Amino acid sequence: RAKTGGRGMFRAFEPEMDKRLRERRALERDLSAAISRNELQLSYQPQALASGEITGFEALLRWHNPERGQVSPAVFIPVAEESGLINPIGEWVLRQACREAASWARPLQIAVNLSPIQFHDDHLPVLVAQVLQETGLAPERLELEVTESVLFDDLARTTSTLQRLKALGVKVAMDDFGTGYSSLSYLQAFPFDKIKIDKSFISQLDENVNSAAIIRAVIGLGAGLSMDVIAEGVETADQLVFLRKEGCHSLQGYLIGRPQPIEAYADQVGRFEKRVRGARVKTHR
Ligand code: C2E
Ligand code: MG
Ligand code: MG
Ligand code: MG
């Protein structure tokens with residue numbers, strides 16, 4: 001059966017698969033050169049209290065390749081994960097984000113996304129400690145975002161990694177909350193500092209009455225567990241009003257600010273040391 005159906009299919013699909021495989025390898029090859037060619041960049045998206053006060057930024061990775069243009073993280077992060085490139089890339093992100101945040105005049109939070117593969121690398125807590133020391137960033141200013149997929153494998157090992165990270169003084173947030181399979185049991189087992197309500201719940205507030213109930217419940221959950229709750233993907237004033245009314249602690253989304261190069265937020269983070277020095281040189285002239 002496979003043979004008869006398969007032949008024609010092979011003829012039709014083989015070149016197609018071949019092509020996809022080649023494209024995939026080419027993408028991997030380009031990505032592996034991205035760090036050394038300075039094609040990676042971080043965008044920073046503000047996080048604010050419901051009152052509007054900015055408390056920190058999430059670092060979001062951007063890849064601009066001269067031939068491909070801007071490549072979405074939704075496309076290249078999975079490729080990085082499957083090829084192992086996520087380790088050097090993730091290390092670059094962590095170092096870059098910590099270095100950047102350490103240069104701000106205001107001691108704001110910096111959130112960094114961790115891939116499950118990075119998370120399950122036994123070396124991670126040592127790396128984080130190293131980067132904190134190297135950059136001089138106060139540990140409590142760093143927040144590591146992990147998704148529920150991180151927690152699937154090995155409960156004991158996951159707990160141990162989370163505890164090693166927390167022992168360094170860094171914060172840990174559960175990203176995309178509500179999109180995984182056993183969100184609640186994870187909250188019971190792990191000491192997260194923050195829950196990030198997935199943006200799909202916020203974006204469906206208007207159309208889906210269940211979304212409001214779910215968001216309300218997660219806010220209550222956070223209060224009961226002494227975990228901060230932040231809503232992702234806040235785009236409209238109506239959403240903001242709803243979240244504020246429900247007592248949501250923090251907000252992130254285009255309404256507060258888009259992910260942008262940090263220069264766009266220079267006023268919010270305070271003057272950089274470099275600029276102060278530059279200004280000093282100028283006045284002496
Ligand atoms: P995430 O960590 O959940 O990040 C939030 C995503 O939502 C970002 O997409 C952000 O640009 C987008 N977003 C923020 N506000 C709004 C809004 O109001 N409306 C809408 N529609 N979207 C909004 P982005 O930058 O494309 O990143 C996508 C995902 O890629 C991230 O989801 C994260 O899982 C992953 N990612 C990004 N940077 C890194 C990184 O440095 N390391 C790892 N491992 N993953 C990363
Ligand atoms: Mg995130
Ligand atoms: Mg998210
Ligand atoms: Mg995500």
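Here are a few exercises on this predicted model, each with a worked solution.

Before you start: residues are numbered from 1 along each chain as its sequence is written, while chains are lettered from A and ligands numbered from 1 in the order in which they are written. As the model is predicted, local features need pLDDT of at least 70, side-chain atom pairs count only at pLDDT 80 or more, and totals for chains, interfaces and linings use all residues; side-chain values use heavy atoms, with hydrogens and water left out.

**Exercise 1. Get your bearings: find how many helices and strands the chain has, and what share of its residues is buried.**

Step 1. Go for the elements. The chain has 12 helices and nine strands. Both are DSSP runs numbered from the N terminus, with at least four residues (H or I) for a helix and at least two (E) for a strand.

Step 2. Now the burial. Out of 285 residues, 42% count as buried. Buried means under 20% relative accessible area, exposed means over 50%, and partly exposed is in between, using a 1.4 Å probe and protein chains only.

Step 3. Add the contacts, meaning heavy atoms within 4.5 Å. Among those with a separation of 6 or more, 67% are between residues 24 or more positions apart.

**Exercise 2. Work out which strands E4 pairs with, and what stands across from Ala-111 on each side.**

Step 1. Strands pair if DSSP finds at least two bridges between them. Strand E4 (residues 109-113) runs parallel to strand E2 (residues 54-65), with four bridges joining them.

Step 2. Another four bridges link E4 to strand E5 (residues 142-147), again in parallel.

Step 3. Look at Ala-111 itself. Glu-58 is opposite Ala-111 in E4, and in E5 the bridge partner of Ala-111 is Glu-143.

**Exercise 3. Identify what holds the two magnesium ions, and which residue they share.**

Step 1. Take ligand 2. Its protein donors are Glu-58 (OE), Asn-113 (OD1), Glu-145 (OE) and Asp-175 (OD), at 2.0 to 2.2 Å. Donors here are N, O and S atoms within 2.8 Å of the metal (3.2 Å for Na, K and Ca); water is not among the atoms, so sites may look incomplete.

Step 2. See how the chain comes together here. Asn-113 is in strand E4 and Glu-145 in strand E5, so this pair ties together parts 32 residues apart in sequence. Asn-113 is partly exposed at 28% relative accessible area, whereas Glu-145 is buried at 1%.

Step 3. Take ligand 3. Asp-175 (OD), Asp-176 (OD) and Glu-232, which is listed twice through OE, are its protein donors, at 2.0 to 2.5 Å. Asp-175 in strand E6 and Glu-232 in the loop between strand E8 (228-231) and helix H10 (237-245) link distant parts of the chain, 57 residues apart. Asp-175 and Glu-232 are both buried.

Step 4. Spot the shared residue. Asp-175 bridges the magnesium ions (ligand 2 and ligand 3), which lie 4.2 Å apart.

**Exercise 4. Find where Asn-38 and Asp-176 sit, and say what their phi angles are.**

Step 1. Asn-38 is in the loop between helix H1 (2-32) and strand E1 (40-49). Its phi is near 60°, a positive value in a residue other than glycine, and Asn-38 is exposed, at 69% relative accessibility.

Step 2. Asp-176 belongs to strand E6 (residues 171-177). Not a glycine either, Asp-176 has a positive phi of about 55° and is partly exposed, at 23% relative accessibility.

**Exercise 5. Sort out the two sides of helix H10.**

Step 1. List the buried residues: Gln-239, Leu-240, Phe-242 and Leu-243. Down the axis of H10, they fall within an arc of 165° (taken from the directions from the helix axis to the C-beta atoms), so they line one face.

Step 2. See what they touch. These buried residues pack against helix H8 (199-203), helix H9 (209-225), E8 and strand E9 (250-252).

Step 3. Turn the helix around. On the face turned away from the buried side of H10 are the exposed residues Asp-238 and Lys-245.

Step 4. Follow the chain onward. Gly-247, just after H10, has a positive phi of about 85°.
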